[in-house]
Amino acid sequence: MSSTETSGSAGPSGPLRIVVAGGGTAGWMTAAALGHFLDRGFTVTLVESEEIGTVGVGEATIPQIRMFNQALGIDEDAFSRATQATFKLAIEFVGWGRPGERYMHAFGDVGRDVGLCAFHHYWSRGRRLGLAGPHGDYAINDIAARAGRMHRGAPLTSRNVPEMPHAFHFDAGLYAAFLRQFAEARGVVRREGKIGEVRQDAQSGDITALVLASGEEIAGDLFIDCTGFRGLLIGGAMGSGYVDWSHWLPCDRALAVPSARVENFTPYTRATAHDAGWQWRIPLQHRTGNGRVYCSAFTTDEAAAESLLAHLDAPALADPRPIRFTTGRRAEAWRGNVIAVGLASGFLEPLESTSIHLIQTAISRILKLLPGKEQTQAARDEYNRQFTFEMERIRDFIVLHYHVNQRPEPFWQAMRDMALPDTLKDRIELFRTNGHIFRHGDELFGEVGWFQVMAGQGIVPERSHGLAETIDEADLKGYLETLNGLYRREVERYPAHADFIARHCGAPALGGAA
């Protein structure tokens, strides 16, 4: 994002009044960005109630969060201290292929391409010949994550070693508070109170004002709906329907619980498959975030809670908090003069830590297509086209994890046997038969991400690219061993993750706060 991306103007009748309904991570990320990039000609007001809680499951991120913070001029270490953050190099998936198996979906590259031929073709041939180890042996982020080590910046041992991309685990509540302070310093005005009434223009249906329970009226020209699952504005007032994806992603409930901090903060998120879904583990400096995602058709709430608590690695700090959801998206994320951001626009399980990223991309689209007081249908259509494409491609990536499994439980058998979206079915078949992976448009996950999940869950292509088939077996073996040795020697020079945090961005302990 840059200031040149904002093309809206207020016009002669006064500033464009933007009202953000709802706080939390979505609301304050939106308000902070608008307050930072928009100056004269705009006002930004955020309405929230301290009585209304937030879901707060989005504590694990992907590397794009660094671009958001950098665009706002936020110092990484100051952010980490304020949010009790730890670093994240990868997501570990335990038991998703078969019980007991595990693999990493690591940030950054896996191996090195040779000429026009992608590394995964050489890996798949080496795997069939018994010359290649797991794909993670050739990813520096994977090796560092498993070793519990962390480093930023240029490599220490060789120019042939790539830099490690990283993201964060952080306390979403602390991040929202951090961004609130940032936003208010840039002119964003906060109004406390519950929304009691939504007033709309009788002819256009556009929202004209929010009326708080106190009777205070907040008028606006453009409204950003950050009211969570309720979708108070986009669904309740504007009537944008909901596209239900539960036939592909049938998990419909979650339980979230914090547990006590652990001494060594692993630099990766863990997602562990269980009989009717999966469990997350997100280590922070002051506590560990845990949760159980499950399908109520295959287990009970009581059994899910019991299993969640039984699989914590430290004492729970609270009772599990229930969350109910339906996976899917709004038919229109921008309708009339309302744009939905965050959970108000749809929900995808936090399996690949995409929740906060989807807030970030929504903000970017708003800034790029920022309207004046006259909003065009062409802009709405383009926003909704990009939103739909992004959601559908992430949906396919999450469905992939569930579908490609060899687990014995009824839930997993049903996921293995379900009819897939054509976009996903074709992608799996192309990789399984020929080892090909192609990125479609501006979708979030590229070839390396798709490769790691498919290979990690047991798909070894039947054949490789012709260029990979011509390399001498001894040369292939030497190439793979050199890459692995190069990366391992580099990682041996890195400090332990917990030591790195203490040195650069350790925060004072907050005790057992949830």
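User: What covers the buried residues of α5?

Analyst: Keep in mind that this is a predicted model. Helix α5 spans residues 140–147, and 6 of its 8 residues are buried. Those are I140, N141, D142, I143, A144 and A145. Their cover includes β4 (90–94), β5 (102–106), β14 (268–274) and α15 (473–491).

User: Which residue just after α5 takes a positive phi?

Analyst: Helix α5 is mostly covered and runs over residues 140–147. Just past that helix, phi turns positive at about 70°, and the residue is G148.

User: Are α2 and α9 parallel, perpendicular or oblique to each other?

Analyst: The axes of α2 (residues 64–71) and α9 (residues 355–368) come within 10 Å and cross at roughly 45°. Angles under 35 degrees would count as roughly parallel, and 65 to 115 as roughly perpendicular. That crossing angle therefore makes α2 to α9 oblique.

User: How many residues of the α2 contact with α9 are nonpolar, polar and charged?

Analyst: On the α2 side you've got Q64, I65, M67 and F68, and α9 brings I356, H357, Q360 and I363. Sorted by type, the contact has no charged residues, 3 polar and 5 nonpolar.

User: Which helix gives the largest share of the largest nonpolar core?

Analyst: That core holds 135 residues, with I18, M29, W96, Y175, I224, L400 and Y402 having the most contacts inside it. One of these, M29, touches I65 and F68 as well as I356, Q360 and I363, among others. The largest share of the core is 10 residues, and it comes from helix α10 (residues 377–403).

Definitions and conventions:
Residues numbered from 1 in each chain as written. Predicted model: local features only at pLDDT ≥ 70, side-chain atom pairs only at ≥ 80, totals over all residues. Heavy atoms only, no water. Axes fitted to C-alpha atoms, helices over the stretch in contact; angles between N-to-C directions. Helix = DSSP H or I, 4+ residues; strand = E, 2+ residues; numbered from the N terminus. Parallel < 35°, antiparallel > 145°, perpendicular 65-115°, else oblique. Contact = heavy atoms within 4.5 Å. Nonpolar A, V, L, I, M, F, W, Y, C, P; charged D, E, K, R; others polar. Core = buried A, V, L, I, M, F, W, Y, C linked by side-chain atoms within 4.5 Å. Buried < 20%, exposed > 50% of the residue type's maximum accessible area, 1.4 Å probe, protein only. Lists of a residue's contacts leave out its neighbours within four places in sequence.
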